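These are my notes on the model, set out point by point. They cover strand pairing and the main pocket.

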Amino acid sequence: YNDSDKLTAVVQAGFSNQSFQSEDYFDQAQNPISETANLAGGYVKGGANYNLDEASNVFFNAGFISRQPNFGGVFPSYANNINDELQNEEITSFELGYGYNSDVLTLNANVYATTWGNRLRSFYFSNTPGIYGFAPFYDTDVQHNGVGLESVYRPTNRFKVYGGLSVGDWRFTKNIDAVLFV
């Protein structure tokens, strides 16, 4: 949508399907080929920009993503058995910002909040010399909040000063457990 260069807006959506299958003739001799897991996912995103005048604008964006887990989330512990608790990661995000653009100064400032639920995080470790393993953390919830600022100052046609600042508060929002695989 474009209204005489004052207001612009966009909405988009998408759907995806991923198919997973594992084949292992070395470690899984009794179960060399897994069943197939088909996982649907998708997204919807939108945003708008409003030009306050020739130099200033405000904008916002929002979105929701249902993201399929990676291969290790479908087949945990390197086995060919499909994860019984398989679920998509869910990401919800919001952003609000202001922009200023003149011959001498360009400035963009924004604030954001992103909630990332059902996230799979895997960590690899060595617990004794020569013994390695990994720990998958399922159903992890994370909250990302922050502000960003970027600028370009042009005192002359031949000289530019770039600046940027990003401050974020990224936290796990619940206690999580993992099973260690060695």
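1. A convention is needed for the pocket counts below: Ala, Val, Leu, Ile, Met, Phe, Trp, Tyr, Cys and Pro are taken as nonpolar, Asp, Glu, Lys and Arg as charged, and the others, Gly among them, as polar. The model itself is predicted.

2. With that convention, the lining of the largest pocket divides into twelve nonpolar, nine polar and five charged residues. The pocket has a volume of about 350 Å³.

3. In total, 26 residues line the largest pocket. Those lying nearest its centre are Asn70, Phe71, Gly72, Gly73 and Leu120.

4. Which elements each supply at least two residues of this lining? They are α1 (71–74), β6 (105–128) and β7 (131–156). Of the contributors, β6 gives the most to the lining, with five residues.

5. Turning to the strands, β2 (residues 7–20) pairs with β3 (residues 37–51) in the antiparallel sense, over 14 bridges. Within this pairing, tyrosine 43 in β3 is the bridge partner of glycine 14.

6. β3 also pairs with β4 (residues 56–67), again in the antiparallel sense, here over ten bridges. Glycine 47 stands opposite asparagine 61, a residue of β4. The connection from β3 to β4 is a hairpin through four residues.

7. How many bridges should be quoted for each pairing of β3? For β2 with β3 the number is 14, and for β3 with β4 it is ten.

Technical notes
Residues numbered from 1 in each chain as written. Predicted model: local features only at pLDDT ≥ 70, side-chain atom pairs only at ≥ 80, totals over all residues. Heavy atoms only, no water. Pairing = 2+ DSSP bridges. 1 Å grid on protein atoms, 1.4 Å probe; cavity = no way out; pocket = protein on both sides within 12 Å on 5 of 7 lines; lining within 4 Å. Points joined across faces, edges and corners; volume = space filled by probe spheres on them.
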